[in-house]
Amino acid sequence: MAYYAENDTEGRHSYIPVESSFREGGHGESNIHIASLAEKQRIWWRTAIINACFLASWYIFATILSLYNKWMFSPDHFAFPYPLFVTTLHMSVQFVLAATLRVWFPHHFRPERSPSVKDYGKKAVPTAVATGLDIGLSNVSLKTIALSFYTMCKSSSLIFVLFFAFFFRLEVFSLRLVVVILLIFGGVILMVASETAFVLPGFLLVMTASACGGLRWSLTQLLMKNKNMGLDNPAATIFWLSPAIGATTALISIIWEGWFNIYASPFFRDMASSLRTGLFLVAPGIVAFCMVMSEYYIIQRAGVLPMSIAGIAKEVSTITIAAWVYEEELTPLNIVGVGITVCGIGLFTFHKYRNSIDGRLSVDAEGNMITIDDENMGDSSDSVHGVDFELSAANLGHREDDHFAHQGSDDSDAHQRLLFSTDHDDNHHEGEEDAEQVF
C-alpha cells in the first residue's frame, strides 16, 4: 500500500493510505485538502483544551495521592514504612478496576485484539519491568538520600525521556527542543538546590530509576500506538501491564522490605488491625488508577514529552504553593530556578504550537484532521513503529493506475499535486523533519 506524508498538529510526519484519501465520487479534493492557517489554529486549540482537561484530572488525582501518601508514610501520622508493598497492592487494585471496565464497557475499553504470548514477553514485559524498576529504585533511594537531592537527581528523567523519544523516533530531533529541555532541567536543579550530602549509592539508585523512567514512558507510548497488540486504550494498557509491574515491585519489596517483617509488624497484629491497615492501603489504589488512566490518555494524545513537562509543572506549583501557604523559605537561587523553569515550559509550549502551525496538515471537508488507521499499516515486527513505509514513485504510480485509470490526466495530476506535494524545504525545516512518525 502506498502512503502520502503530512505533518500532524505536533509538527511530526503522518502517513496516510492513498486509497483512504479518495472518497465517494473519486474526487479527493472535494473531501480532503491542506488545512489553512485558521483551520490549523482551530485544531490546535481544540486539541489543547482537551489535553488540558486530561492534565487537570491527572494533576488533581496526583495531588490527592501525594497528600495521602505523605499522611500514610509520615512518622507523625499513619507511619507505614513500606512503600513498595503499597505499590504492589495498588497494581492489584488497578488490574481489578481495569478488568471491571473491560467487562462492563467492552465497546470502549476492550479492544478486539489481544497481545500474543510472544509480543507480551518481548514488548509488554520489558515496559512493565522498566516501570517497576523506576518505582522501586526511586523508593529505595529515598531511604539513603535527602528529598532535595533526590528531586535534583530525579529531574534528570526529563533528559532520558527526550533521549528515548529521539531514539524511538517519537519526537523529531530538534536542537531548539534540546535547548528548551536543558533549560527546564537547569531550572529544576536551581529550584530545589540546597546544601545536602552526596551519597554515591543513593545517587546511582536514583539515576538508574531516572533512566528506567525515560525508557518506560517511551515504551508505553509505542505499545499504545500498536493496535495489533490490543493495548491502544488506557484501560487495556493497565490491564496487561499491571500484573507484570506488580510482580517487579513485589520482588523488590520482598528483597528490600521483607514481607515477613511487614506481616509481623503492629499493622497486622490482629484481625481488626489488619482490616484497618488493608483499607488504608487499598483505598488510594482507586485514586492511583484514575491518575494512571489520565497519564495514559495524555501519552496517547500528546506523547511522553508533554507528560513529563506536566510533571515538572506540577513540581513548580507544589513548591510555589508550599512557599505561599506553609511559608517555607525559598532562597534567591530557588526563586530564579522557578522562573527559569516556568520560562522553559512556556518555550516548550510555543515550540509545539509553532510546529503545529508551520507543518502541513490534511483535513476533511468538515475541517477534521485526517488520522491513520493503524490496522492498515502492516505488522509491527519489522519496524519500530509497526509500519513498512512505501513511498517510492513506483508504488505511487501503481496505486494511481489501479484506482484512477478511469479519470483524465488533468484530474490525476491535480490529485497528485494535492496529495503528494511534500514541500521538502518545509519538511526539512531545521534539518530534522525527515524522521518518519506514525501518529
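The exercises below, each with a worked solution, concern a predicted model of a protein.

**Exercise 1. Overall make-up**

Determine how many helices and strands the protein has, and what share of its residues is buried.

Solution. Begin with the secondary structure, which comes to 16 helices and four strands. Next, turn to accessibility: of the 439 residues in the protein, 49% are buried. Finally, consider how the contacts are spread along the sequence: among those between residues at least 6 apart, 81% join residues at least 24 apart.

**Exercise 2. Two helices that pack against α13**

Describe how α7 and α13 are placed relative to each other, and then do the same for α1 and α13.

Solution. Two packed helices are described by the angle between their axes and the distance between the axes. For helix α7 (residues 175–191) and helix α13 (residues 332–358), the angle is about 160° and the axes are 7 Å apart. Angles over 145 degrees count as roughly antiparallel, and α7 and α13 are therefore roughly antiparallel to each other. The crossing in which α7 passes α13 is left-handed. Sorted by class, the residues in this contact of α7 with α13 are 15 nonpolar, seven polar and one charged.

For α1 and α13, the packing angle is about 140°, with 9 Å between the axes. The two helices, α1 and α13, are therefore oblique to each other, and α1 passes α13 in a right-handed crossing. On the α1 side the residues that meet α13 are L37, K40, Q41 and W44, while on the α13 side they are T349, K352, Y353, S356, I357 and D358. By class, this contact of α1 with α13 has four nonpolar, three polar and three charged residues.

**Exercise 3. Aromatic rings**

Classify the ring pair formed by F95 and F239, and say where in the chain its two members lie.

Solution. A pair of aromatic rings is described by the distance of the centres and the angle of the planes. A search of the whole structure finds 23 aromatic pairs. In the pair of F95 and F239, the ring centres are 5.0 Å apart and the planes stand at 20°, so the pair is stacked, given that planes under 30 degrees apart count as stacked. The pair links distant parts of the chain, since F95 is in helix α2 and F239 in helix α9 (residues 234–256), 144 residues apart. As for accessibility, F95 counts as partly exposed because its relative accessibility is 31%, whereas F239, with a relative accessible area of 16%, is buried.

As a further step, note that ring pairs also link a cluster whose members are Y68, W71, F78, F80, Y82, F85, W259, Y263, F267, F268 and F280.

**Exercise 4. The surroundings of T88**

Decide whether T88 is buried or exposed, and list its contacts beyond its neighbours within four places in sequence.

Solution. First locate the residue: T88 is found in helix α2 (residues 83–104). Its relative accessible area is 11%, so T88 is buried, the limit for that class being under 20%. Once neighbours within four places in sequence are left aside, T88 is in contact with G246, T249, A250 and W259.

**Exercise 5. Helices α5 and α6**

Establish which residues of α5 are buried and what covers them, and then list the buried residues of α6.

Solution. Helix α5 (residues 147–154) is mostly covered, with six of its eight residues buried. These buried residues are F149, Y150, T151, M152, C153 and K154. Their cover includes α4 (117–141), α6 (157–167), α7 and α8 (200–225). In α6 itself, the buried residues are S157, L158, V161, L162, F164, A165 and F166.

**Exercise 6. Positive phi outside glycine**

Find where A79 and R169 lie, and state the phi and the accessibility of each.

Solution. Take A79 first: it lies in the loop between α1 (37–73) and α2, and although it is not a glycine, A79 has a positive phi of about 60°. With a relative accessible area of 26%, A79 is partly exposed. Then take R169, which is found in the loop between α6 and α7, just after α6. R169 likewise is not a glycine, yet has a positive phi of about 60°. Its relative accessible area is 29%, so R169 is partly exposed.

Methods. Residues are numbered from 1 along each chain as its sequence is written. This is a predicted model: local features need pLDDT of at least 70, side-chain atom pairs count only at pLDDT 80 or more; totals for chains, interfaces and linings use all residues. Side-chain values use heavy atoms; hydrogens and water are left out. Axes are lines fitted to C-alpha atoms, for helices over the stretch in contact, and angles run from 0 to 180 degrees between N-to-C directions. Angles under 35 degrees count as roughly parallel, over 145 as roughly antiparallel, 65 to 115 as roughly perpendicular and the rest as oblique. A crossing is left-handed if the near helix is turned anticlockwise from the far one by less than a right angle, and right-handed if clockwise. Ala, Val, Leu, Ile, Met, Phe, Trp, Tyr, Cys and Pro count as nonpolar, Asp, Glu, Lys and Arg as charged, and the others, Gly among them, as polar. Buried means under 20% relative accessible area, exposed over 50%, partly exposed in between (1.4 Å probe, protein chains only). Contact means heavy atoms within 4.5 Å. Rings of Phe, Tyr and Trp (its six-membered ring) pair if their centres lie within 6.5 Å; planes under 30 degrees apart count as stacked, over 60 as edge-to-face and the rest as tilted.
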